[in-house]
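Visitor: I have a protein model to look at, and I would like to understand why its parts are described in the words that are used for them. Could you take me through it slowly?

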Amino acid sequence: MLANISDKQRGLVGALLFALDQSVKASDLELHPPKHPWSHKGYFSALDHASIRRGYEVYKQVCAACHSMKYIAYRNLIGVSHTEVEAKAEAEEVMVKDGPDDQGNYFNRPGKLSDYFPSPYPNEEAARAANNGAYPPDLSLITLARHGGEDYVFALLTGYCDPPAGIVLREGQYYNPYFVGGAISMAQALYNEVLEYSDGTPATASQVAKDVCTFLKWAAEPEHDQRKLMCIKISRVNEQLQHKYMTVGRAVCHLTGLKDALQDIRDTGIDVILDEASNICAATSLEIDCFFEEKRAKKRKRLTLEESEDTLINLRLLIQITLRRMNTVFTKKINPVTGKLEWEHQDEDYDFHQEIARSAFADMLHDEERAFKPMAECALKVIKENGFSKQIHLIPKRSTEITLGEDGDMKHRANILVTEVFDTELIGEGALGTFKHAHEVLLEKDCIVVPSSASIYAQVVHSELAQKWNRLSPLRDNKRALNLLDIPSSITNCPGAAAVHDIQLSQLPEGQFTPLTPPFEVFRFDWCGGTPLVFRESTTKCVQSTQDGVAQAVFMWWDLVMDMEGQVTLSCAPHWAHASSPQNMPWRDHWMQAIYYFPREVSVAQGEELTLAAYHDEYSLWFNLHKDISRTRIGSINNSARNQKYLEALREHMTPDSVCLCLGDGNLLGIAASNMGASKVYCVERNSLTSRIMQEFVEYNRLQDKVMVVSSVDHLDNDILNKVTVVFGEPHFFAALLPWQNIHFWYLKDKLSPMLPNNVVLMPRGATLWAMPIEFEHLWKIRAPLHLVEGFSMTHFDKLIENSCSVSDTLVEPQPLWEYPCKMLGKPFKVMELDFTNNLPGSPVENTGNVRFEGSGTCHGVSVWIDWDLDGDPKHIVSTGPVQPPQINQTVSWDMHTRQGVYFFPEHHPIDSTHPLSFLQYSCSFQPEDGEMHFSFQMITFHELYDMVKIV
């Protein structure tokens with residue numbers, strides 16, 4: 001398509017693309033990684049080859065399970081990190097498919113030096129199927145393919161943390177502020193001692209990340225060291241050539257040619273540029289130099305100023321044309337209900353609005369890691385609106401980027417520091433590095449620091465409830481007093497999760513845990529600089545057990561001492577350890593408490609001396625743990641009362657001739673059907689992780705002859721499906737975020753219906769969506785405008801957040817309501833009933849109605865949940881909502897192992913139940929084509945009706 005464009009014009013197209021690329025880099029719409037002092041960053045610095053070797057070990061033992069490096073061969077290791085003998089031995093450890101041989105057959109052979117690193121998956125589809133639709137990228141060129149290079153990769157690998165308030169992640173997703181959008185499908189892979197280095201180097205998380213980043217830097221640029229050597233040799237020659245050729249006359253010639261070429265390119269159409277961009281990248285370097293030479297020529301020769309401005313006008317025009325053509329944003333997602341891969345149209349500033357909306361109406365107002373350009377602009381408006389423009393000077397930078405001096409951001413060091421850079425783990429947002437840099441660069445020696453210090457507290461506990469979020473228990477049939485499924489030893493010995501389990505400990509029901517020790521301090525940090533801050537630290541604390549029990553977990557929280565005298569303390573302690581009464585405790589959702597699980601349970605006796613080992617690095621605390629399945633899901637699987645309903649329903653439909661088809665993710669109950677009389681069970685497990693776990697259960701319980709685990713319904717032929725007598729699902733799918741999104745079960749059943757017998761038993765046979773108006777004690781604050789903060793008007797901030805939430809947030813969001821006390825203001829009402837025994841409807845289904853408010857208070861929103869009807873028997877209904885019948889104006893007890901949906905009202909009105917004209921108007925629409933449930937709720941109060949009558 002560019003056949004009629006000259007080589008010069010091709011190069012200038014590259015200059016335009018380069019400029020556009022730079023503009024995207026400067027957009028400041030995502031958290032940029034900090035720059036690290038890599039040993040190879042200097043002009044005359046080579047890569048650390050010992051680190052490359054260690055990085056290869058990290059890739060081989062950790063990363064290679066999911067990521068390929070298809071452009072790196074084993075021969076490339078020779079002379080870089082390995083000898084020829086060592087590289088050959090590495091290659092021979094893998095089996096490579098080769099052939100055909102003389103008979104036309106393919107065969108496996110040991111690898112050779114010429115072989116490239118093997119891929120963990122045969123194709124992209126298999127990779128996506130194994131990773132919930134996400135495609136693990138090839139790592140060969142990853143440091144070149146990502147802005148920030150190795151700094152970005154390092155930040156991503158070490159940047160996992162708790163999601164900020166307002167962000168709810170899907171099953172199988174994790175929060176990482178350095179990843180665009182924050183939600184990433186790759187679990188945290190690097191922990192302390194995740195592997196043992198062959199050279200004995202301590203394998204801390206940061207050391208492991210540093211080494212693998214160095215290895216990836218070499219993989220992307222194997223010529224790195226040679227290039228720098230060559231640069232040294234030709235630097236003298238380059239200086240002479242630059243002096244000779246970079247003259248004013250040549251610069252003017254370049255400018256004139258650039259202007260004409262840009263005009264020609266504009267006439268050909270910008271789509272040509274986009275279509276052929278990949279073909280011209282190699283020809284851009286000279287013309288890019290010309291583009292920047294225009295700026296230098298403008299400074300050296302005033303006579304070329306007019307031509308320079310003319311050229312820049314043309315360039316800006318082309319950029320505007322390009323951006324107008326590219327103003328539509330599409331996001332790719334797997335629809336959790338239909339299971340289809342979809343492209344979703346979004347606002348052109350979707351990423352911008354999503355980042356703004358994640359501030360959740362200032363649940364954390366002063367978050368150093370989330371401070372970015374739009375927030376800085378909003379802060380300027382707030383300062384101006386409140387009349388402090390002369391008194392407050394805003395520096396729109398991270399504190400670690402602030403410069404000092406007459407021409408710097410600050411002319412001299414400060415004598416007062418006020419900051420908030422904390423999370424649930426206290427140090428997860430980089431507090432240690434931030435304070436250390438501030439004392440070294442920004443603060444006077446005897447400065448005032450607010451807060452002045454912090455302490456982290458721990459308490460050893462016994463809690464079967466907490467352990468149900470961490471360990472799987474045998475699946476037991478209580479009526480027959482026997483285990484239907486025992487837990488494989490590999491899963492029993494799995495130590496649990498390294499990631500912090502943040503939770504509202506004050507909401508744990510009484511009697512669900514037993515303290516084995518009093519709370520005690522494990523770490524103390526002096527923010528004033530008197531005691532140096534240590535990035536890596538371990539400590540042991542000896543404490544006596546107060547009673548007999550089994551040590552299963554550690555409850556953790558922290559306190560901040562706010563003033564220099566130690567008179568004012570901000571405590572995140574739960575109610576039993578807090579200085580204030582439960583009624584007077586401040587509520588926080590951005591700072592909660594946390595649970596850490598021991599790798600092994602330890603029996604303790606009253607009065608016995610216990611030794612607790614605690615560790616921290618720059619960003620996290622840990623107890624050497626590991627996990628793969630979400631805690632909510634583990635808790636659900638361990639819910640005995642729930643399991644009994646499923647088992648009773650299954651028992652009524654199982655005969656020796658039963659053939660059971662199980663649809664869902666992590667469906668242990670389906671496997672258990674084989675021990676309840678079924679002759680054959682087929683479990684469809686699309687997730688690679690749960691598929692492996694299910695297979696372990698099958699083999700450990702010696703059910704290989706009765707149970708088959710398959711990765712897709714497409715792997716079941718008609719002969720199998722024609723024999724199925726029961727189709728069973730809990731249902732549960734990892735992609736479902738809201739409980740009713742698990743009706744994906746209906747879509748799978750509908751797909752199989754033509755092949756299934758007419759008399760097949762479907763379980764569940766249907767579902768009912770319920771809703772209920774509620775008054776929250778505190779949760780409403782995460783969606784409420786600020787209005788005033790310490791006397792400051794926050795109108796601009798409120799408008800910014802509200803606008804972004806309207807663009808990027810859904811109307812109904814998932815919340816674990818058992819952690820957030822709320823009261824019922826009206827009886828639960830049916831929103832919609834779904835019958836799975838019928839085929840999916842061919843057109844949208846709608847339901848509308850009104851319900852009266854029966855309680856008094858302030859209605860903050862509506863809770864929505866789903867009940868699964870297993871077989872038509874009311875005793876066999878499994879609910880994701882209240883566990884006890886709720887009472888008007890009484891606190892609701894919610895299911896602890898699922899999330900419910902919450903619709904927040906933008907404005908809150910008092911409800912007076914004495915007026916019969918106070919009611920809630922609702923509508924619900926189910927769209928079968930895309931599986932979406934659309935809800936609308938509106939409060940109609942007596943006062944609003946009175947005002948409407950007056951207007952009429």
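Guide: What follows is a conversation that sets values from this structure against the definitions of the terms.

Visitor: What should I know before we begin?

Guide: This is a predicted model, in which local features need pLDDT of at least 70 and side-chain atom pairs count only at pLDDT 80 or more, while totals for chains, interfaces and linings use all residues. Residues are numbered from 1 along each chain as its sequence is written, and side-chain values use heavy atoms, with hydrogens and water left out.

Visitor: How many helices and strands are there in the protein, and what makes a stretch count as one or the other?

Guide: The protein has 26 helices and 37 strands. Helices are DSSP runs of H or I with at least four residues, strands are runs of E with at least two, and the numbering starts from the N terminus.

Visitor: Why is Cys-572 called buried?

Guide: The word buried is used for a relative accessible area under 20%, exposed for one over 50%, and partly exposed for what lies in between, with a 1.4 Å probe and protein chains only. Cys-572 has a relative accessible area of 3%, and therefore it is buried; Cys-924 also has a value of 3%, so it is buried too. Of the 952 residues in the protein, 49% are buried.

Visitor: How many disulfides are there by the rule?

Guide: A disulfide is counted when a pair of cysteine sulfur atoms lies within 2.5 Å, and by this rule the count comes to 0.

Visitor: What makes Phe-388 partly exposed, and where is Phe-388 found?

Guide: Phe-388 has a relative accessibility of 32%, so it counts as partly exposed. Phe-388 is in the loop between α15 (373-385) and β7 (414-418). Leaving out residues up to four places away in sequence, Phe-388 touches Ile-383 and Phe-792, where contact means heavy atoms within 4.5 Å.

Visitor: Is His-437 buried or exposed, and which residues does it touch?

Guide: The relative accessibility of His-437 is 17%, and so it counts as buried. His-437 belongs to helix α16 (residues 431-442) and touches Ser-399, Thr-400 and Leu-442, again not counting residues up to four places away in sequence. The buried residues of α16 include Ala-431, Phe-435 and His-437, and what covers the buried residues of this helix includes β7, β8 (443-450), β14 (520-526) and β19 (609-616).

Visitor: Why are α2 and α7 called roughly perpendicular?

Guide: Helix α2 (residues 49-61) and helix α7 (residues 205-220) pack at an angle of about 100°, with their axes 7 Å apart. Axes here are lines fitted to C-alpha atoms, for helices over the stretch in contact, and angles run from 0 to 180 degrees between N-to-C directions. Angles under 35 degrees count as roughly parallel, over 145 as roughly antiparallel, 65 to 115 as roughly perpendicular and the rest as oblique, and α2 and α7 are therefore roughly perpendicular to each other. Among the residues that meet are Tyr-56 and Tyr-59 in α2, and Phe-215 and Trp-218 in α7.

Visitor: How do you know what span to expect for helix α20?

Guide: The expected span of a helix is 1.5 Å times one less than its number of residues. Helix α20 (residues 640-653) has 14 residues and reaches 20 Å from its first C-alpha to its last, which is close to the 20 Å expected. The buried residues of α20 include Arg-642, Asn-643 and Tyr-646.

Visitor: What makes Ser-636 buried, and what is Ser-636 in contact with?

Guide: Ser-636 has a relative accessibility of 6%, so it counts as buried. Ser-636 is found in helix α19 (residues 631-637) and, leaving aside neighbours within four places in sequence, is in contact with Arg-642, Asn-643 and His-897.

Visitor: What is there to say about the backbone at Leu-426?

Guide: Leu-426 has a positive phi of about 75° although it is not a glycine. Leu-426 is in the loop between β7 and α16, and its relative accessible area is 0%, so it is buried.

Visitor: Which residues does a cis peptide bond join, with omega of about 5°?

Guide: That bond joins Gly-99 and Pro-100, and Pro-100 lies in the loop between β1 (95-98) and β2 (107-110). The peptide bond from Glu-730 to Pro-731 is also cis, with omega near -15°.
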